[in-house]
Amino acid sequence: MSEATNNLRLAFLGTGSMNGAILRGILGAGHDPKKITATLRSDSRAGELRELGINVLIGAEDSEANTKAAADADIVFLGVKPVGITELCDEISDALAPQTVVVSVAAAITLATMQAHLRGGQPVVRSMPNTPLMVGSGVVGLSSGEAVSDQQINLVAELFAGSGDVHIIDESQQNALSAISGSGPAYGFYLAEAMTNAGIAMGLDEKLAMDLARATIAGAGKMLSDPEANPADMRRAVTSPKGTTEQAILTFDAQGIPAIIEAGAKAAAARAAQLSAELG
Ligand SMILES: NC(=O)c1ccc[n+]([C@@H]2O[C@H](COP(=O)([O-])OP(=O)(O)OC[C@H]3O[C@@H](n4cnc5c(N)ncnc54)[C@H](OP(=O)(O)O)[C@@H]3O)[C@@H](O)[C@H]2O)c1
């Protein structure tokens with residue numbers, strides 16, 4: 001992490017699963033915990049956050065927790081549920097310094113929606129992280145609003161880089177990114193679930209079937225984590241002509257699995273667009 005990034009004062013407003021994962025990734029990359037403040041509504045998870053050495057403010061104990069944290073920060077991460085984002089923007093708007101960058105991790109909340117609930121000219125970034133961020137193998141898409149400088153988006157990207165791959169994209173691509181990498185971990189789990197059930201159907205006991213499916217998907221994922229890896233080439237490399245794997249792949253193709261996956265991803269993107277319209 002560069003010295004400029006390490007010197008940033010960060011605020012995490014609503015530090016649940018996702019903001020907590022981003023925070024841990026940033027700490028893991030060596031950020032000074034004393035420069036980080038996290039807020040929660042209740043004190044249920046405060047203990048584990050305090051153990052990280054960061055400052056923790058609880059909304060139930062201090063009604064100004066969010067505004068105090070936001071006022072002191074160079075970058076603010078909004079980690080509440082999508083329905084709570086506009087209210088949180090309204091709450092902190094007057095407390096923010098003009099150059100403070102506001103990063104939302106909420107699905108479906110557009111830059112325009114955030115901007116409408118903050119002061120004009122406030123730099124805003126929309127992010128779509130995924131859950132493997134929690135184990136340092138995440139993917140995040142970032143889109144910046146008009147007021148964000150190149151230096152600011154690069155600082156935000158550097159902060160996320162502690163927990164995964166970062167892609168800076170136009171906001172028009174956010175729903176498609178969300179349908180592939182945001183929802184994608186569930187598709188991997190779904191495949192492991194289906195493989196488990198297939199093993200059981202062939203007479204394996206449940207634990208053995210699950211162990212085989214889990215470790216196989218995890219191992220394949222590890223091989224795919226090489227940035228040079230090409231999934232189609234890797235699949236061909238383990239599919240011998242006239243062999244057993246080929247029979248499975250031919251069956252998947254004949255039954256239309258690729259088209260089914262495309263239809264599922266398009267349905268996820270369409271739902272993201274619908275949520276944006278509803279929440280905007
Ligand atoms: N989880 C994912 O896979 C995923 C992926 C991509 C994006 N996201 C986005 O991440 C955001 C959070 O999701 P999550 O799964 O992390 O939810 P979560 O675990 O429920 O975290 C939300 C946190 O916000 C706190 N909170 C709520 N209102 C607050 C307020 N006004 N001030 C301060 N803290 C407040 C809650 O505190 P209490 O517990 O005390 O109420 C909770 O700790 C969502 O917008 C979601 O779209 C999630």
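Modeller: Before we start on this predicted model, note that a residue is near a molecule if its C-beta atom, placed from the backbone, lies within 6 Å of it.

Colleague: Okay, so which residues come nearest to the ligand?

Modeller: There are 26 residues around the ligand, and those that come nearest are Gly-14, Gly-16, Met-18, Ser-42 and Ala-106.

Colleague: And which elements give two or more residues to that shell?

Modeller: Those are helix H2, which covers 17-28, and strand E2, which covers 36-40.

Colleague: How many of the shell residues are nonpolar, polar or charged?

Modeller: Sorted by class, the shell around the ligand holds 14 polar residues and 10 nonpolar ones, together with 2 charged residues.

Colleague: Switching topic, what domains does the assignment give?

Modeller: The domain assignment gives domain 1, spanning 3-170, and domain 2, spanning 184-275, and their centres, taken over C-alpha atoms, are separated by 33 Å.

Colleague: How many residues does the contact take from each domain?

Modeller: The contact takes 5 residues from domain 2 and 7 residues from domain 1, and on the side of domain 1 that touches domain 2 there are 4 nonpolar and 3 polar residues, with no charged ones.

Colleague: One last thing, where is Asp-211 found, and why does it count as partly exposed?

Modeller: Asp-211 is found in helix H10, residues 206-224, and it counts as partly exposed because 14 other C-beta atoms lie within 10 Å, whereas a buried residue would have 20 or more and an exposed one 12 or fewer.

Colleague: How far apart are Asp-211 and Ala-192 in space?

Modeller: From C-alpha to C-alpha they are 9.7 Å apart, while in sequence Asp-211 and Ala-192 are 19 residues apart.

How values were computed. Residues numbered from 1 in each chain as written. Predicted model: local features only at pLDDT ≥ 70, side-chain atom pairs only at ≥ 80, totals over all residues. Helix = DSSP H or I, 4+ residues; strand = E, 2+ residues; numbered from the N terminus. Nonpolar A, V, L, I, M, F, W, Y, C, P; charged D, E, K, R; others polar. Domains from an automatic or database assignment. Contact = placed C-beta atoms within 7 Å.
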